[in-house]
Amino acid sequence: MNVVIFGATGMVGQGVLRECLLDTGVETVLSVGRSATGQQHPKLREILDEDFLDYSAIEDKLSGFDACFFCLGVSSAGMTEDNYTRVTYDFALAAAQTLVELNPNMTFIFVSGAGADSSESGRTMWARVKGKTENALLRLPFKAVYVFRPAAIQPLHGITSKTKAYQAFYTLTKPLLPLLKALFPKYITTTEQLGRAMLRVARQGYPKRILESPDINSI
Ligand SMILES: NC(=O)c1ccc[n+]([C@@H]2O[C@H](COP(=O)([O-])OP(=O)(O)OC[C@H]3O[C@@H](n4cnc5c(N)ncnc54)[C@H](OP(=O)(O)O)[C@@H]3O)[C@@H](O)[C@H]2O)c1
(Lines give C-alpha, C1' and ligand atoms only; values in the text may rest on other atoms or scores of the structure.)
Protein backbone atom coordinates (compact mmCIF):
# COMPACT_ATOMS: atom_id res chain seq x y z
CA MET A 1 0.00 0.00 0.00
CA ASN A 2 1.24 3.49 -0.87
CA VAL A 3 0.20 6.19 1.56
CA VAL A 4 0.22 9.99 1.56
CA ILE A 5 0.01 11.83 4.89
CA PHE A 6 -0.83 15.49 5.36
CA GLY A 7 0.20 16.91 8.74
CA ALA A 8 2.76 14.17 9.51
CA THR A 9 4.61 16.59 11.80
CA GLY A 10 1.66 16.98 14.17
CA MET A 11 0.74 14.80 17.11
CA VAL A 12 -1.78 12.69 15.23
CA GLY A 13 0.29 12.69 12.05
CA GLN A 14 3.48 11.60 13.83
CA GLY A 15 1.56 8.66 15.30
CA VAL A 16 0.18 7.65 11.91
CA LEU A 17 3.57 8.08 10.26
CA ARG A 18 5.19 5.84 12.89
CA GLU A 19 2.69 3.04 12.29
CA CYS A 20 3.04 3.36 8.50
CA LEU A 21 6.83 3.10 8.71
CA LEU A 22 6.57 0.05 10.99
CA ASP A 23 3.93 -1.70 8.87
CA THR A 24 5.50 -4.15 6.41
CA GLY A 25 2.44 -3.87 4.15
CA VAL A 26 3.10 -0.17 3.55
CA GLU A 27 5.57 0.22 0.70
CA THR A 28 5.93 4.00 0.45
CA VAL A 29 4.89 6.97 2.53
CA LEU A 30 4.76 10.52 1.18
CA SER A 31 4.56 13.33 3.70
CA VAL A 32 3.14 16.62 2.43
CA GLY A 33 3.57 19.50 4.85
CA ARG A 34 5.07 22.90 5.47
CA SER A 35 7.74 21.44 7.80
CA ALA A 36 10.04 18.44 7.55
CA THR A 37 9.26 15.42 9.71
CA GLY A 38 12.91 15.14 10.73
CA GLN A 39 12.75 11.40 10.07
CA GLN A 40 14.88 9.33 7.76
CA HIS A 41 13.49 6.05 6.45
CA PRO A 42 13.86 4.18 3.15
CA LYS A 43 10.06 4.19 2.69
CA LEU A 44 9.62 7.92 3.41
CA ARG A 45 9.61 10.77 0.91
CA GLU A 46 8.66 14.33 1.74
CA ILE A 47 7.28 17.33 -0.10
CA LEU A 48 7.66 20.65 1.66
CA ASP A 49 4.80 22.75 0.37
CA GLU A 50 3.71 26.31 0.98
CA ASP A 51 0.40 26.49 -0.81
CA PHE A 52 -2.26 24.20 0.63
CA LEU A 53 -4.98 25.63 -1.58
CA ASP A 54 -3.39 24.89 -4.96
CA TYR A 55 -1.52 21.65 -5.60
CA SER A 56 -0.85 22.18 -9.32
CA ALA A 57 2.89 22.66 -8.69
CA ILE A 58 3.23 19.20 -7.06
CA GLU A 59 0.46 17.32 -8.89
CA ASP A 60 2.95 15.15 -10.77
CA LYS A 61 4.08 13.65 -7.42
CA LEU A 62 0.59 12.93 -6.06
CA SER A 63 -0.54 9.93 -8.10
CA GLY A 64 -0.11 6.21 -7.42
CA PHE A 65 -1.46 6.29 -3.86
CA ASP A 66 -3.91 3.88 -2.22
CA ALA A 67 -4.67 5.88 0.91
CA CYS A 68 -4.49 9.42 2.25
CA PHE A 69 -4.43 10.14 5.97
CA PHE A 70 -5.35 13.81 6.35
CA CYS A 71 -4.05 14.80 9.81
CA LEU A 72 -3.39 18.49 9.10
CA GLY A 73 -5.48 20.64 11.41
CA VAL A 74 -5.49 23.38 14.00
CA SER A 75 -7.13 24.25 17.26
CA SER A 76 -9.87 26.85 16.74
CA ALA A 77 -8.82 28.68 19.92
CA GLY A 78 -8.38 32.38 19.12
CA MET A 79 -9.21 31.91 15.43
CA THR A 80 -11.93 33.65 13.45
CA GLU A 81 -14.40 31.39 11.67
CA ASP A 82 -12.94 32.50 8.32
CA ASN A 83 -9.38 31.59 9.28
CA TYR A 84 -10.39 28.30 10.90
CA THR A 85 -12.47 27.44 7.82
CA ARG A 86 -9.52 28.20 5.55
CA VAL A 87 -7.21 25.71 7.31
CA THR A 88 -9.87 23.10 8.12
CA TYR A 89 -12.27 23.10 5.15
CA ASP A 90 -10.40 24.82 2.30
CA PHE A 91 -7.08 22.99 2.84
CA ALA A 92 -8.73 19.56 3.16
CA LEU A 93 -11.03 20.04 0.16
CA ALA A 94 -8.25 21.39 -2.06
CA ALA A 95 -6.07 18.37 -1.27
CA ALA A 96 -8.93 15.89 -1.60
CA GLN A 97 -10.16 17.31 -4.93
CA THR A 98 -6.67 17.02 -6.40
CA LEU A 99 -6.13 13.52 -4.99
CA VAL A 100 -9.47 12.13 -6.15
CA GLU A 101 -8.78 13.17 -9.74
CA LEU A 102 -5.35 11.53 -9.67
CA ASN A 103 -6.25 8.48 -7.51
CA PRO A 104 -9.94 7.54 -7.89
CA ASN A 105 -9.23 4.20 -6.17
CA MET A 106 -7.91 5.91 -3.07
CA THR A 107 -9.33 5.62 0.46
CA PHE A 108 -9.31 9.07 2.09
CA ILE A 109 -9.35 9.35 5.88
CA PHE A 110 -9.98 12.73 7.49
CA VAL A 111 -9.12 13.36 11.13
CA SER A 112 -11.97 15.35 12.60
CA GLY A 113 -12.88 15.40 16.28
CA ALA A 114 -15.49 14.12 18.76
CA GLY A 115 -18.45 16.48 18.77
CA ALA A 116 -18.18 17.56 15.13
CA ASP A 117 -21.56 18.82 13.96
CA SER A 118 -22.90 17.06 10.88
CA SER A 119 -25.87 19.46 10.76
CA GLU A 120 -23.39 22.31 10.05
CA SER A 121 -25.78 24.63 11.91
CA GLY A 122 -25.01 24.27 15.62
CA ARG A 123 -23.73 27.05 17.89
CA THR A 124 -20.14 25.82 18.24
CA MET A 125 -17.95 27.24 15.50
CA TRP A 126 -15.25 24.53 15.33
CA ALA A 127 -17.86 21.75 15.34
CA ARG A 128 -19.84 23.36 12.50
CA VAL A 129 -16.72 23.80 10.37
CA LYS A 130 -15.49 20.25 10.99
CA GLY A 131 -18.99 18.93 10.20
CA LYS A 132 -19.15 20.91 6.96
CA THR A 133 -15.70 19.61 6.00
CA GLU A 134 -16.69 16.01 6.77
CA ASN A 135 -19.88 16.31 4.71
CA ALA A 136 -18.08 17.78 1.70
CA LEU A 137 -15.35 15.12 1.82
CA LEU A 138 -17.90 12.30 2.17
CA ARG A 139 -19.49 13.43 -1.12
CA LEU A 140 -16.27 13.07 -3.14
CA PRO A 141 -15.99 10.07 -5.50
CA PHE A 142 -13.07 8.31 -3.80
CA LYS A 143 -13.16 4.54 -3.49
CA ALA A 144 -14.05 5.29 0.13
CA VAL A 145 -13.98 8.22 2.57
CA TYR A 146 -13.86 7.77 6.35
CA VAL A 147 -14.04 10.37 9.07
CA PHE A 148 -12.22 9.68 12.33
CA ARG A 149 -13.57 11.57 15.33
CA PRO A 150 -11.16 10.91 18.20
CA ALA A 151 -11.89 12.39 21.62
CA ALA A 152 -8.83 12.64 23.92
CA ILE A 153 -5.62 11.22 22.47
CA GLN A 154 -2.69 10.01 24.56
CA PRO A 155 0.59 10.66 22.75
CA LEU A 156 2.97 7.68 22.95
CA HIS A 157 6.56 6.98 21.89
CA GLY A 158 7.82 10.51 22.58
CA ILE A 159 5.30 12.14 20.24
CA THR A 160 4.41 15.76 21.00
CA SER A 161 1.71 18.17 19.82
CA LYS A 162 2.56 21.23 17.70
CA THR A 163 -0.31 23.06 19.40
CA LYS A 164 1.09 24.64 22.56
CA ALA A 165 -2.21 24.50 24.48
CA TYR A 166 -2.67 20.79 23.67
CA GLN A 167 0.93 20.01 24.59
CA ALA A 168 0.56 21.84 27.92
CA PHE A 169 -2.60 19.81 28.58
CA TYR A 170 -0.87 16.54 27.72
CA THR A 171 2.17 17.37 29.83
CA LEU A 172 -0.01 18.24 32.83
CA THR A 173 -2.31 15.23 32.48
CA LYS A 174 0.38 12.71 31.51
CA PRO A 175 0.43 11.06 34.95
CA LEU A 176 -3.39 10.84 34.94
CA LEU A 177 -3.97 9.59 31.40
CA PRO A 178 -3.34 5.89 32.08
CA LEU A 179 -5.87 6.08 34.94
CA LEU A 180 -8.39 8.00 32.82
CA LYS A 181 -7.88 5.48 30.03
CA ALA A 182 -8.61 2.66 32.46
CA LEU A 183 -11.75 4.45 33.71
CA PHE A 184 -13.01 5.62 30.30
CA PRO A 185 -11.39 3.21 27.86
CA LYS A 186 -13.73 4.11 25.02
CA TYR A 187 -13.07 7.85 25.09
CA ILE A 188 -9.30 7.99 25.25
CA THR A 189 -7.31 6.64 22.38
CA THR A 190 -3.57 6.68 21.77
CA THR A 191 -1.55 7.88 18.81
CA GLU A 192 -0.64 4.22 18.22
CA GLN A 193 -4.27 3.00 18.24
CA LEU A 194 -5.26 5.83 15.92
CA GLY A 195 -2.50 5.06 13.42
CA ARG A 196 -3.18 1.35 13.45
CA ALA A 197 -6.93 1.88 13.07
CA MET A 198 -6.38 4.14 10.07
CA LEU A 199 -4.23 1.52 8.38
CA ARG A 200 -6.74 -1.24 9.04
CA VAL A 201 -9.70 0.84 7.80
CA ALA A 202 -7.73 1.82 4.68
CA ARG A 203 -7.13 -1.86 3.95
CA GLN A 204 -10.36 -3.52 5.02
CA GLY A 205 -12.95 -0.74 5.17
CA TYR A 206 -15.42 -0.28 8.02
CA PRO A 207 -19.22 -0.59 8.26
CA LYS A 208 -19.59 3.09 9.28
CA ARG A 209 -18.14 6.10 7.45
CA ILE A 210 -17.90 8.21 10.61
CA LEU A 211 -15.87 6.53 13.34
CA GLU A 212 -16.14 7.78 16.90
CA SER A 213 -13.56 7.08 19.59
CA PRO A 214 -15.12 3.73 20.69
CA ASP A 215 -15.03 2.55 17.03
CA ILE A 216 -11.38 3.57 16.73
CA ASN A 217 -10.45 1.72 19.91
CA SER A 218 -12.43 -1.37 18.97
CA ILE A 219 -10.50 -1.60 15.68
N1 LIG B 1 -4.70 16.31 19.71
C2 LIG B 1 -5.89 15.88 20.06
O3 LIG B 1 -6.13 15.51 21.22
C4 LIG B 1 -7.00 15.82 19.05
C5 LIG B 1 -8.24 15.27 19.43
C6 LIG B 1 -9.25 15.19 18.50
C7 LIG B 1 -9.05 15.64 17.21
N8 LIG B 1 -7.84 16.18 16.86
C9 LIG B 1 -7.68 16.66 15.48
O10 LIG B 1 -6.55 16.04 14.88
C11 LIG B 1 -5.99 16.91 13.91
C12 LIG B 1 -4.50 16.99 14.15
O13 LIG B 1 -4.30 17.46 15.47
P14 LIG B 1 -2.87 17.38 16.18
O15 LIG B 1 -3.13 17.23 17.62
O16 LIG B 1 -2.01 16.41 15.47
O17 LIG B 1 -2.34 18.87 15.90
P18 LIG B 1 -0.85 19.41 15.92
O19 LIG B 1 0.05 18.58 16.75
O20 LIG B 1 -0.99 20.86 16.25
O21 LIG B 1 -0.38 19.25 14.39
C22 LIG B 1 -1.01 19.98 13.38
C23 LIG B 1 -0.48 19.56 12.03
O24 LIG B 1 -1.11 20.38 11.03
C25 LIG B 1 -0.11 21.16 10.37
N26 LIG B 1 -0.63 22.52 10.17
C27 LIG B 1 -1.30 23.28 11.07
N28 LIG B 1 -1.59 24.48 10.51
C29 LIG B 1 -1.08 24.46 9.26
C30 LIG B 1 -1.05 25.41 8.20
N31 LIG B 1 -1.59 26.64 8.32
N32 LIG B 1 -0.45 25.09 7.04
C33 LIG B 1 0.11 23.86 6.90
N34 LIG B 1 0.14 22.89 7.87
C35 LIG B 1 -0.46 23.22 9.04
C36 LIG B 1 1.07 21.20 11.31
O37 LIG B 1 2.24 21.48 10.56
P38 LIG B 1 3.56 22.12 11.26
O39 LIG B 1 4.28 20.97 11.92
O40 LIG B 1 4.30 22.68 10.12
O41 LIG B 1 3.08 23.14 12.25
C42 LIG B 1 1.03 19.79 11.88
O43 LIG B 1 1.55 18.85 10.94
C44 LIG B 1 -6.70 18.26 14.06
O45 LIG B 1 -7.64 18.41 13.02
C46 LIG B 1 -7.40 18.15 15.40
O47 LIG B 1 -8.62 18.87 15.43
C48 LIG B 1 -6.80 16.27 17.75
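**A tour of salt bridges, helix 6 and a charged patch**

Begin by selecting D215, which is buried, with a relative accessible area of 11%. The model in view is a predicted one. Add K208 to the selection: its side chain meets that of D215 in a salt bridge, 3.0 Å from N to O. K208 itself is partly exposed, at a relative accessible area of 39%.

Next, display R18, E19, E192 and R196, which are joined into one network by salt bridges that share partners. Within this group, E19 and R196 form a salt bridge whose closest N and O atoms are 3.3 Å apart. The pair connects distant parts of the chain, since E19 belongs to helix 1 (residues 11–22) and R196 to helix 6, 177 residues apart. E19 is buried, with a relative accessible area of 5%.

Now follow helix 6 (residues 191–204) from end to end. Its 14 residues should span 20 Å at 1.5 Å a residue, and the 20 Å between its end C-alpha atoms agrees. Among the buried residues of this helix are E192, L194, A197, M198 and V201. Just beyond helix 6, select G205, which adopts a positive phi of about 75°.

Move to E81 and R128, whose side chains form a salt bridge of 2.7 Å, N to O. This pair also links distant parts of the chain, with E81 in helix 2 and R128 in helix 3 (residues 125–138), 47 residues apart. E81 is partly exposed at 35% relative accessibility, whereas R128 is buried at 18%.

Finally, go to E101, also in helix 2 (residues 81–102). E101 is exposed, with a relative accessible area of 67%. Together with E50, D51, D54, E59 and D60, E101 gathers in a patch of negative charge on the surface.

Notes: Residues are numbered from 1 along each chain as its sequence is written. This is a predicted model: local features need pLDDT of at least 70, side-chain atom pairs count only at pLDDT 80 or more; totals for chains, interfaces and linings use all residues. Side-chain values use heavy atoms; hydrogens and water are left out. Patches are made of residues with over 30% relative accessible area and no salt bridge: like charges are joined within 9 Å, nonpolar side chains (Val, Leu, Ile, Met, Phe, Trp, Tyr) within 5 Å. Accessible areas come from the Shrake-Rupley method with a 1.4 Å probe; for residues, only the protein chains shown count as cover. A salt bridge is a side-chain nitrogen of Lys or Arg within 4 Å of a carboxyl oxygen of Asp or Glu. Lys and Arg count as positive and Asp and Glu as negative; His and the chain ends are not counted. The place of a charge is taken as NZ of Lys, CZ of Arg, CG of Asp or CD of Glu. Helices (H or I, at least four residues) and strands (E, at least two) are DSSP runs, numbered from the N terminus. Buried means under 20% relative accessible area, exposed over 50%, partly exposed in between (1.4 Å probe, protein chains only). The expected span of a helix is 1.5 Å times one less than its number of residues.
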